[in-house]
Amino acid sequence: MDLPRAPRINPSILAADFVNMQAELARIATADFAHVDVMDNHFVPNLTFGPQMVDRIQATSPIPLDVHLMITDPDRWAPEYAEIGAASVTFHLEAAADPVSLARRLRGIGARAGVAIKPGTPVEGLYSVLDEFDQILVMTVEPGFGGQGFMPETMPKLRALADEARRRGSQVWLQVDGGISDATIEQAAAAGADTFVAGSAIYGADDIEAAVTRLRDLARAASLEG
């Protein structure tokens, strides 16, 4: 049996202090990626960062950027984030006109290409194109707001995706985002996730480095058991 891959912890800077962003990024230097939620107030009812701000974050961050685009028309806008230098750019399947072509374009620029699905979106349509993506993000809350509760009903979909990826020999990363904490990360890891976005569970901790380590350890242990 293949050993599970080492879990990745990607703190969401949506939970950070925006006024002190450089210092907030420095606090997560031991994490794997900085997760940057880009919202346009159209695809989701909230507004956060745009390309100029992400460019500044990219220049300041001690770790690579994992950009999650919750925007309309990602076919037009997603490549700009790859050109900025983001290590990973994830767009929503529900918003893209041609997900495979967009993923290929992002890879061509040099970014990892990710695709995200909302809790109510079936995952089966991605099975035949797994190798077109470097990461699949299974949302464990409805996209658009931080601080929501984890939706355990998304776990069967995640497990089915993990089983299919394993059956096909795919190396795609399986990411979860929403309500990830000490209390939920083991459930997601056991279902097959290997990349975890956590906001308040990290930025709300007294010791951020210890919080990142603890989440990694919990996910690793659950992966081995699962």
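This briefing walks through some strands, a helix, two unusual loop residues and several salt bridges in the structure above. Keep in mind that the model is predicted. A good place to start is strand S2, where six of the six residues are buried, so the rest of the structure largely encloses this strand. From there we'll move to strand S5, then helix H5, and finish with pairs of charged side chains.

**Strand S2 and its partner**

- S2 covers residues 34-39, and with six of six residues buried it is largely enclosed by the rest of the structure.
- Look at how its side chains alternate: Ala34, Val36 and Val38 point one way, while His35, Asp37 and Met39 point the other way, and all of them are buried.
- S2 runs parallel to strand S3 (residues 65-70), and six bridges join the two.
- If you want one spot to find on screen, try Ala34, which stands opposite Leu65 in S3.
- Helix H2 (residues 51-60) joins in as well: S2, H2 and S3 make a right-handed β-α-β unit.

**Strand S5 and its two neighbours**

- S5 spans residues 112-117 and is mostly covered, with five of its six residues buried.
- Strand S4 (residues 88-92) pairs with S5 in the parallel sense, over five bridges.
- To get from S4 to S5 the chain passes through helix H4 (residues 99-109), and this β-α-β crossover is right-handed.
- S5 is also joined to strand S6 (residues 135-139) by four bridges, and these two strands run parallel.
- Val115 is a handy residue to click on: Phe91 stands opposite Val115 in S5, and in S6 the bridge partner of Val115 is Ile136.

**Helix H5**

- H5 (residues 155-168) has 14 residues and reaches 20 Å from its first C-alpha to its last, close to the 20 Å expected at 1.5 Å a residue.
- Several of its residues are buried, including Met155, Leu158, Leu161 and Ala165.
- Charged residues turn up in that buried set too, among them Lys157 and Glu164.
- What do the buried residues of H5 pack against? They pack against S5, S6, strand S7 (173-177) and helix H6 (185-190).
- Just after H5 comes Gly169, with a positive phi of about 70 degrees.

**Two loop residues with a positive phi**

- Some background first: most residues other than glycine have a negative phi.
- Asn41 goes against that habit, with a phi near 65 degrees even though the residue is not a glycine.
- You'll find Asn41 in the loop between S2 and H2, where this residue is partly exposed, with a relative accessible area of 47%.
- Asp73 is another case, with a positive phi of about 55 degrees although it is not a glycine.
- Asp73 sits in the loop between S3 and helix H3 (74-84), and is partly exposed at 37% relative accessible area.

**Salt bridges**

- Side chains of opposite charge can pair when their charged atoms come close. In this model the count comes to 10 salt bridges.
- In H5, Glu164 forms a salt bridge with Arg167, and their closest N and O atoms are 2.8 Å apart.
- Why are these two separated by about one helical turn? Because Glu164 and Arg167 are three residues apart in helix H5.
- An α-helix has 3.6 residues a turn, so residues three or four places apart point the same way.
- Buried or exposed: which word fits Glu164, and which fits Arg167? Glu164 counts as buried because its relative accessibility is 11%, and buried means under 20%. Arg167 counts as exposed because its value is 60%, and exposed means over 50%.
- Glu164 and Arg167 also belong to a network of salt bridges together with Arg168.
- Arg214 and Asp182 meet in a salt bridge at 2.6 Å, N to O. Arg214 lies in helix H8 (residues 208-225) and Asp182 in the loop between S7 and H6, so the pair ties together parts that are 32 residues apart in sequence.
- Arg214 is partly exposed at 36% relative accessible area, and Asp182 is partly exposed at 31%.
- Within H8, Asp217 and Arg220 meet in a salt bridge at 3.2 Å, N to O. They are three residues apart, about one turn of the helix.
- Asp217 counts as partly exposed at 42% relative accessibility, and Arg220 is partly exposed at 35% relative accessible area.

Key. Residues numbered from 1 in each chain as written. Predicted model: local features only at pLDDT ≥ 70, side-chain atom pairs only at ≥ 80, totals over all residues. Heavy atoms only, no water. Buried < 20%, exposed > 50% of the residue type's maximum accessible area, 1.4 Å probe, protein only. Pairing = 2+ DSSP bridges. Right-handed = clockwise from strand over helix to strand, strands pointing away. Expected span 1.5 Å × (residues − 1). Contact = heavy atoms within 4.5 Å. Salt bridge = Lys/Arg side-chain N within 4 Å of Asp/Glu carboxyl O.
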